[in-house]
Amino acid sequence: YTILSKVHSDRNVYPSAGVLFVHVLEREYFKGEFPPYPKPGEISNDPITFNTNLMGYPDRPGWLRYIQRTPYSDGVLYGSPTVENVGKPTIIEITAYNRRTFETARHNLIINIMSAEADFPLPYQAEFFIRNMNVEEMLASEVLGDFLGAVKNVWQPERLNAINITSALDRGGRVPLPINDMKEGVYVMVGADVPFSSCLREVENPQNQLRCSQEMEPVITCDKKFRTQFHIDWCKISLVDNTKQVSTFQEVIRGEGILPDGGEYKPPSDTLKSRDYYSDFLITLAVPSAIALVLFLILAYIMCCRREGVEKRNMQTPDIQLVHHSAIQKSTKELRDMSKNREIAWPLSTLPVFHPVTGEIVPALHADSYDNTSMPLMQTQQ
């Protein structure tokens, strides 16, 4: 049901369009390409990673995926070839990197996609979501064979084929927490040549649809045939019947949001008339600037030319209040003048002190005005 091959130098493989293709890049093979450990007889376990790309391009084809969980595990190329690539050889460059010695080894894988049989692709396709598997675990031939065997027992087809495998992370799923050995989940699409069995149709029952909408497990009679090894989320199963031809033409119902048909587009002529933007300039800049200037002049006249002044204030103030105010100002001035001329004992901090360098007695520096505080009251003594 799947093509499983081991890596070799410049090897040709022949997958079929619409059939799952799996190619394993084994670390054991590439160990012979790198020098052994310095000590003879020691088993080498170098970390090896792989880089795969289409020859002449930085990435792989759109249908081909690659996964390698750790540098100590094998890499896997997998995907489902498309019909468009039939007959065109696809050369994949495989570069192995030794993370211990930083050496590389390159091999080519030539993929020759063959056309499918007359009855392929299989018309009835079902996609299962397996919650307890990672994609590299599901790609193993024995695990995939067990799953296809369980599906065959439930479906009973004459021909059954694995079409594609996709990780849940590629479908927008979240990375699982590293507890309880949780898995990321994987989608497996299979195809058959007979209609879906009654067991698979049970998912479409109204009761099961209601249970799925309430985030409850649906009741599926054949679930026990998978439960021993595969935990399937039956609410996410997808059944596709390609025998029903669905018309792709849809009549357009005009309504809100749909513009009427205006005919063919007619571009403007090359000879366009020149447009005068002077009036636009006046409306956009000149008129607002003139209005702002007028408002500024009115505000300046009110603030500067309409002041009442001291004389008007004195005229509106009672005479007795003006006399009291004048007497207070006069008395304050006399007190200040008297305090400047009175002789009092100078404080001890202004007595003569010793010069800090010569040791001579230096007379105190008295300021004539009490407002002069440029010199300190106390000299530094040493």
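A strand, as the word is used in these legends, is a DSSP run of E with at least two residues, and strands are numbered from the N terminus.

**Figure 1. Overview of the predicted model.** The structure shown here is a predicted model, and its chain contains 9 helices and 14 strands. Of the 382 residues in the chain, 29% are buried. Among the contacts whose partners are separated by 6 or more positions, 64% join residues that stand 24 or more positions apart.

**Figure 2. Close-up of Glu 127 and its surroundings.** Glu 127 belongs to strand 9. Is this residue, Glu 127, buried or exposed? Its relative accessibility is 11%, and because the cut-off for a buried residue is under 20%, Glu 127 counts as buried. When neighbours within four places in sequence are set aside, the residues in contact with Glu 127 are Arg 171, Tyr 187, Val 188, Met 189, Lys 236, Ile 237 and Ser 238. The view also takes in Leu 239, which is 112 residues away from Glu 127 in sequence, although the two C-alpha atoms are 6.7 Å apart in space.

**Figure 3. Close-up of the sheet that contains strand 9.** Four strands make up this open sheet in the order 10-11-9-12, and their pairing is antiparallel. Strand 10 and strand 12 (238-241) are the edge strands, so called because each of them pairs on one side only. On average, and with direction ignored, neighbouring strands of this sheet are turned by 15° against each other. Strand 9 and strand 12 are paired in the antiparallel sense over 4 bridges, and in this region Tyr 124 stands opposite Asp 241 of strand 12. Helix 3 packs on the sheet, where it touches strand 9, strand 10 and strand 11, and the direction of helix 3 makes about 125° with that of strand 10.

**Figure 4. Close-up of the largest nonpolar core.** This core holds 39 residues, of which Phe 128, Met 138, Phe 147, Trp 155, Val 190 and Trp 234 touch the most other members. The elements that give two or more residues to the core include strand 9 (124-130), strand 10 (160-167), strand 11 (186-192) and helix 3 (141-155). Which helix gives the most to this core? With 8 residues, that is helix 3. The core draws at least three residues from each of domain 1 (7-117) and domain 2 (120-245). For Met 138, if residues up to four places away in sequence are not counted, the residues touched are Ile 130, Met 133, Val 143, Leu 144, Phe 147, Ile 165, Val 186, Val 188 and Phe 230. Another core, of 19 residues, lies apart from this one, and its members include Val 13, Phe 21, Leu 25 and Ile 94.

**Figure 5. Close-up of a sheet with mixed pairing.** Here 4 strands form an open sheet in the order 2-8-7-4, and the pairing is mixed. The edge strands, each pairing on one side only, are strand 2 (11-13) and strand 4 (48-54). Neighbouring strands of this sheet are turned by 25° against each other on average, direction ignored. Strand 7 (residues 90-98) pairs with strand 8 (residues 104-111) in the antiparallel sense over 8 bridges, and Ile 91 stands opposite Ile 110 of strand 8.

**Figure 6. Close-up of residues 281-304.** An unreviewed UniProt entry places the feature "transmembrane region" at residues 281-304. In the model this span is 100% helix and 0% strand, and its end C-alpha atoms lie 33 Å apart.

Key: Residues are numbered from 1 along each chain as its sequence is written. This is a predicted model: local features need pLDDT of at least 70, side-chain atom pairs count only at pLDDT 80 or more; totals for chains, interfaces and linings use all residues. Side-chain values use heavy atoms; hydrogens and water are left out. UniProt positions are given in the numbering used here, feature names are shortened, and annotations may be inferred rather than shown by experiment. Two strands pair if DSSP finds at least two bridges between them. Axes are lines fitted to C-alpha atoms, for helices over the stretch in contact, and angles run from 0 to 180 degrees between N-to-C directions. A nonpolar core is a set of buried Ala, Val, Leu, Ile, Met, Phe, Trp, Tyr and Cys residues joined through side-chain atoms within 4.5 Å. Buried means under 20% relative accessible area, exposed over 50%, partly exposed in between (1.4 Å probe, protein chains only). Domain bounds come from an automatic or database domain assignment. Contact means heavy atoms within 4.5 Å.
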